[in-house]
Amino acid sequence: MSMTHHFGLLTGAGVSWWIGLVLATIHIWYLNTCRIQKTQDLFVRRLYEGALIEQSLLLNTRFHIQSKNRRKRLDQYKPKSLTQPQFDDFTFEAHIYFDDAFTNVTGSQHRHLNTYAKDLVKIIADVYGIFKNLDKTFFEVQQQIPDQAIIKTPYGARLVVEMPHGNNIVVHFKDKEKIRNKKRWSQVMYLYYLLGWKLMTKYYRHWQEGQHEKQLRRKIQKEKHNTYLLALDGDTDFQPAAVMLLIDRLKMYPRVGAACGRIHPTGSGPAVWFQKFEYAVSHWLQKTAEHVFGSVLCSPGCFSLFRAEALMDDNVMKKYSTNSTEPSHYIQYDQGEDRWLCTLLLKQGWRVEYNAASDAYTNAPENFKELYNQRKRWGPSTMANVVDLLGSTNIVSKRNLSMSKLFMFYQLFGIISAILAPSTICLMVAASLSFILEMPPAVALVIAVIPPAIYLGLCFKLKPDTQISLAGILSVAYAFLMVVVAISIIASIIKEQTILTPSSIFIVAMSIIYIVTALMHPQELPLVFYGFLYIICIPSAYLLLTIYSMVNMNSVSWGTRETKPTPGAAPGVSTLRAKTKKAKGIFQKLCSWMKCCKKSLPISEDTQPLINAQPQENLVPESMPDPQTQDTDANDVSEKEQMQVKTGFDCPAKCWINELERLSNDIQLQEHFLDKDEENFWNELIKKYLEPVKIDKEKQEKTKNDLQELRNKVNFSFFFLNAMWLMTAFIFQVFDVFSLKIKIVDFNLQETGRTSQIEPMNLMFILGFAISVLLQFVGMLHHRVSTLIHYIAFLETEPKQHKSAENEVDSVADSNDESAYNTDQENQSSQDWESEFYNSNLNIQIIQEDFV
């Protein structure tokens, strides 16, 4: 009896305890969560009780998920609404340009969407489901996704998805057998479409209908000024507030043509850790210095906002859309499109700005090979664009009020430092060897030059992959040397009881500057811990990588996101590009618009090429010479397939619909059709600019030889200057022509009786580098104050409802009067209604190009 009674008490207590647990955790049934949530957002404590894990998780769950009000999506943040005036400040839509989205399938006569394109459709369906259930409880029945549109187009196919809050996502699937592929031509494609067809054609129709010319000109200028294009990479993550901060810069200053934010590399591994600190230093110091003392030279394609008016200016898109005909064009035009676009904007008088509070996160190369191939493109293209600007110093400084001659001199010093970087690293390594092994400086210099000289010679003979493997081995050796040097310098400071030696002063000063700079960016302070890895990788980044980039500058292939054709595929199969380990895309960087046609229309000259979008008119200039070789495919296209390309759509729309419908049971696709005018627009655009490249073996061989000849000339000049710099240093060290001797004192400022000798070449390097970093540090301090003011102002206004139109007109008009970016180049006829620009609705186009 007692045992039964005791068991009954336990059972009753267990039931009561269970009911209490249910009541205590009833809140979890009504939580509004996303599928992927951070641990700190879901739970009060990150730890759990192992013995009672279920109870621990239930009781530890938050009542209110922190990220619900902190993280928003653009579709939810700015819904498309015709009934709520508070959302009428701007409208936006997103476009994904998916390059090389079709492939041949063995046994099929039609082209099919490749696996990466299908994955994108699946992701869109998943994201739609997340959007649709943001405000729904866990057990509530999900709403049915409405039908979406699939359209066959002259360039391939188009998927139009209307998101739950009314904004559209438009996916353009490109078929490289119908339209030219590669990144720059995708940019030309969407710029003609967005800025020519969607923005300007309607005004041409209004003019045909007889509307007043002066009024149309005002509307055109107003809409161009207030249309912005946000260029993204496919793997970029950001919050709506980051876009708002960039929009603020363009709204406040009429002469700002582009603005970029703070880019944070993401990923794992030593290569990413190196890039984290490298990106941090370049943004903390270099980009802020450009912003404060002049203008930013490169607005990165992974996260930048462009003004349509700037893109549609003279000599921007007209120059950008030309074919590469000279060897230097392949390097400057096709290897660094974002930097070249900014070069064109700066030459035309537009300013490019940097906003440190606008954060974006993008995937970075995670292995040594991919990092080297990425920088192989960036290095030569950066140098080519800076040299282009320096060669136009007089014109640029007159046309662009932000680019003074003093700022151009600062850029000249930067490019000289970049050219002499290999020899400077050799001098640094020589000083390290002399310090550690106590050998004569001249002997140490000879030893330091031998490994990079051998590597330079081997790079002209070995394959790129072998060059990278050899660079990896040398990088490890240099890293060990840098560690030994750092430890030796620290030991020397402790042993000698002084920091007043040249090497110690330099290291301590640089450390203080970087630490203070990091403290000025408290959210990024942990990145300082990656600084040690950055320091030991300096020889690899500025010596070996420079050699690899210069020797392989004749290779104009991207080297990343490329895979070999699928075995067994039919001739003409599309080359699939895939980022390592993931099917990632690349959201396209924004470019510019052309102003080339000079045909007489009763509308202003600057609008002619955009309005002139009817099929009977010329959309583009005369055809250029044969397109560049990097747009050619190694596989020959059969005559039958070429006829299919010329005659239209070799794959019926039903083929795409059936393929895409099988991917998801949620999205139902309905076949839609382009209107006749838009179809004519695409046919004319493809005919003039974007026809698939025909293989020309003779031209390919000539281009290859021209690029090798250019590579040889540039490399001779580049390494000859470095050799002269090293030879000068060697002569100074051997003959002791001149040296500066400094008495060493201890921590108590008492002379130790020893002296330190500084070679003139080392002295020049230390002074030049110190002055450059000091200027960047001053610019950083100024920029931090400006960013803080802007961010506080943004936080003060962002959560509130939008001001009335009248108050906004007054405040913005005042800021425009005080703006330093107003120039005398603006048309006098536009001054009467210029203030209307900053009161009007904004049109935001989000551009994303997916390379697979």
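## Helices, ring contacts and backbone in a predicted model

In helix α9, the buried residues are P240, A242, V243, M244, L245, L246, I247, R249 and L250. The model is a predicted one. Helix α9 covers residues 240-252, and its 13 residues should span 18 Å at 1.5 Å a residue; the end C-alpha atoms lie 19 Å apart, which agrees.

Helix α8 (residues 213-225) also has 13 residues. From its first C-alpha to its last, α8 reaches 18 Å, close to the expected 18 Å. The buried residues in α8 are L216, I220, Q221, E223, K224 and H225.

These two helices belong to a protein chain with 30 helices and 15 strands. The chain has 852 residues, of which 51% are buried. Among its contacts with a separation of 6 or more, 80% are between residues 24 or more positions apart.

### Helix packing and a distant pair

Helix α10 (residues 270-293) packs against helix α15 (residues 368-391) at an angle of about 35 degrees, and the two axes are 12 Å apart. On the α10 side the contact is made by A271, F274, Q275, E278 and Y279, and on the α15 side by L371, Q374, R375 and W378. By class, the residues of this contact are five nonpolar, two polar and two charged.

L767 is found in helix α29 (residues 760-797). Its C-alpha atom is separated by 9.9 Å from that of F506, although the two residues are 261 residues apart along the chain. With a relative accessibility of 48%, L767 counts as partly exposed, because the range for that class runs from 20% to 50%.

### Aromatic rings

The count of aromatic pairs comes to 19. In one of them, the rings of F681 and W682 have centres 5.4 Å apart and planes at 70 degrees, so the pair is edge-to-face; planes over 60 degrees apart fall in that class. F681 has a relative accessible area of 1% and is therefore buried, the limit being under 20%. W682 is buried as well, at 0% relative accessibility. Ring pairs join F681 and W682 with Y155, Y193 and W197 in a cluster.

Charged side chains also sit over aromatic rings, as in the cases tabulated here.

| Charged residue | Ring residue | Distance to ring centre |
|---|---|---|
| R184 | W185 | 4.7 Å |
| R255 | W350 | 4.0 Å |

R184 lies over the face of W185, while R255 has its charged end over the ring of W350.

### Positive phi outside glycine

Which phi does K182 have, given that it is not a glycine? The value is positive, at about 90 degrees. K182 is placed in the loop between strand β6 (168-174) and helix α7 (183-208).

N315, likewise not a glycine, has a positive phi of about 60 degrees. Its place is the loop between helices α11 (308-311) and α12 (317-320). The relative accessible area of N315 is 42%, so the residue is partly exposed.

Key:
Residues numbered from 1 in each chain as written. Heavy atoms only, no water. Helix = DSSP H or I, 4+ residues; strand = E, 2+ residues; numbered from the N terminus. Buried < 20%, exposed > 50% of the residue type's maximum accessible area, 1.4 Å probe, protein only. Axes fitted to C-alpha atoms, helices over the stretch in contact; angles between N-to-C directions. Contact = heavy atoms within 4.5 Å. Nonpolar A, V, L, I, M, F, W, Y, C, P; charged D, E, K, R; others polar. Phe/Tyr/Trp six-rings, centres within 6.5 Å; stacked < 30°, edge-to-face > 60°. Lys NZ or Arg CZ within 6 Å of the ring centre and 35° of its normal. Expected span 1.5 Å × (residues − 1).
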